[in-house]
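Student: Please take one part of this structure and go through it closely. I would like to know where it sits and what surrounds it.

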Amino acid sequence: MADNKTHQFFMGEALKQAKLSFEADEVPIGAVLVYQNKIIASGYNLSIANHDPTAHAEILTIRDAGQYLKNYRLLNCSLYVTLEPCVMCLGAIFHARISNLIFGAYDHKKSTWESVANLKENNKELNHHCVIHGGILEIESKTLLQNFFRNKRKKP
């Protein structure tokens, strides 16, 4: 797995995607998928605009990466996402056989990796295992989300 400086660089790119989501009035979550140290796909939440509950940053990024690699298996790839993935996204990550998942902020309400369901400790029976590392640019990721919801509460 890459060093912390590399993780911070790619998470910074995921944060750029999250800011696009913020500007589109979507929950600001962004993702980039890296293959051979190059970003091959990126995305941000578009569930509201697309009228699609599956249009999470991770899902959109995984779809684009599959098209780029012409394969539904994303072996030797790393996914960087600004928020700990939900169960739907984590399922897609496992099905795609992504090797590394790196996320920013922890999601203490809906996540499945560490915070809620804790698949980190209970994943021995899963078909695929990926290396998962959280807390990269956590403060920046968390602050963007907090600002988004703070702004939403202020609007009449």
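**The loop residue and the sheet beside it**

Tutor: In this predicted model, Cys-130 is in contact with Ile-93, Phe-94, Ile-98, Ser-99, Asn-100 and Leu-101, once its neighbours within four places in sequence are left aside. Cys-130 itself belongs to the loop between strand 4 and strand 5. With a relative accessible area of 9%, Cys-130 is buried, because buried means under 20%. One of the contacts, Asn-100, lies 30 residues away along the chain, yet the C-alpha atoms of Cys-130 and Asn-100 are separated by 5.3 Å.

Asn-100 leads into the sheet. On one side, Asn-100 stands opposite Val-131 in strand 5. Asn-100, in strand 4, is also the residue that Ser-78 stands opposite. Strand 4 covers residues 100-105, and six of its six residues are buried, so strand 4 is largely enclosed by the rest of the structure.

Strand 4 has a partner on either side in the pairing. Four bridges connect it to strand 5 (residues 131-134), and these two strands run parallel. Five bridges connect it to strand 3, again with the two strands running parallel. Along the pairing of strands 3 and 4, Val-81 stands opposite Phe-103, and Leu-83 stands opposite Ala-105. Between these two strands the chain passes through helix 4 (residues 87-95), and the β-α-β crossover made in this way is right-handed.

Now step back to the whole sheet. Five strands form it in the order 2-1-3-4-5; the sheet is open and its pairing is mixed. Strand 2 (38-44) and strand 5 are the edge strands, each pairing on one side only. On average, neighbouring strands of this sheet are turned by 15° against each other, direction ignored. The antiparallel part of the mix includes strand 1 (residues 30-35) and strand 3, which pair over five bridges. Within that pair, Ala-31 has Val-81 of strand 3 as its bridge partner. Val-81 therefore has a partner in strand 1 as well as Phe-103 opposite it in strand 4.

Strand 3 is mostly covered, with seven of its seven residues buried. Thr-82 is found in this strand, which spans residues 77-83. Its relative accessible area is 2%, which means that Thr-82 is buried. Apart from neighbours within four places in sequence, the contacts of Thr-82 include Met-11, Ala-14, Leu-15, Ala-18 and Ser-141. Pro-28, Ile-29, Gly-30, Gly-104 and Ala-105 are also among them. As a general point, side chains in a regular strand alternate between the two faces of the sheet.

Some of these contacts lead on to two helices. The axes of helix 1 (residues 4-23) and helix 5 (residues 138-154) come within 11 Å and cross at roughly 5°. That angle is under 35 degrees, so helix 1 is roughly parallel to helix 5. From helix 1, the residues that make the contact are Leu-15, Ala-18, Lys-19 and Phe-22. From helix 5, they are Glu-140, Ser-141, Leu-144, Asn-147, Phe-148 and Asn-151. By class, the contact has five nonpolar, three polar and two charged residues. Leu-15, Ala-18 and Ser-141 appear here and also in the list of contacts of Thr-82.

Helix 5 also has a place against the sheet. It lies across strand 3 and strand 4, running at about 60° to strand 4. Gln-146 is located in helix 5. At 35% relative accessibility, Gln-146 counts as partly exposed, whereas Thr-82 in strand 3 is buried at 2%. Gln-146 and Pro-28 are 118 residues apart in sequence, but their C-alpha atoms are 9.6 Å apart in space. Pro-28 is also in contact with Thr-82.

To return to the starting point, Cys-130 is a buried residue in the loop between strand 4 and strand 5. One of its contacts is Asn-100, which stands opposite Val-131 in strand 5.

Technical notes:
Residues are numbered from 1 along each chain as its sequence is written. This is a predicted model: local features need pLDDT of at least 70, side-chain atom pairs count only at pLDDT 80 or more; totals for chains, interfaces and linings use all residues. Side-chain values use heavy atoms; hydrogens and water are left out. Buried means under 20% relative accessible area, exposed over 50%, partly exposed in between (1.4 Å probe, protein chains only). Contact means heavy atoms within 4.5 Å. Axes are lines fitted to C-alpha atoms, for helices over the stretch in contact, and angles run from 0 to 180 degrees between N-to-C directions. Angles under 35 degrees count as roughly parallel, over 145 as roughly antiparallel, 65 to 115 as roughly perpendicular and the rest as oblique. Ala, Val, Leu, Ile, Met, Phe, Trp, Tyr, Cys and Pro count as nonpolar, Asp, Glu, Lys and Arg as charged, and the others, Gly among them, as polar. A crossover is right-handed if, with the strands pointing away from the viewer, the path from the first strand over the helix to the second runs clockwise.
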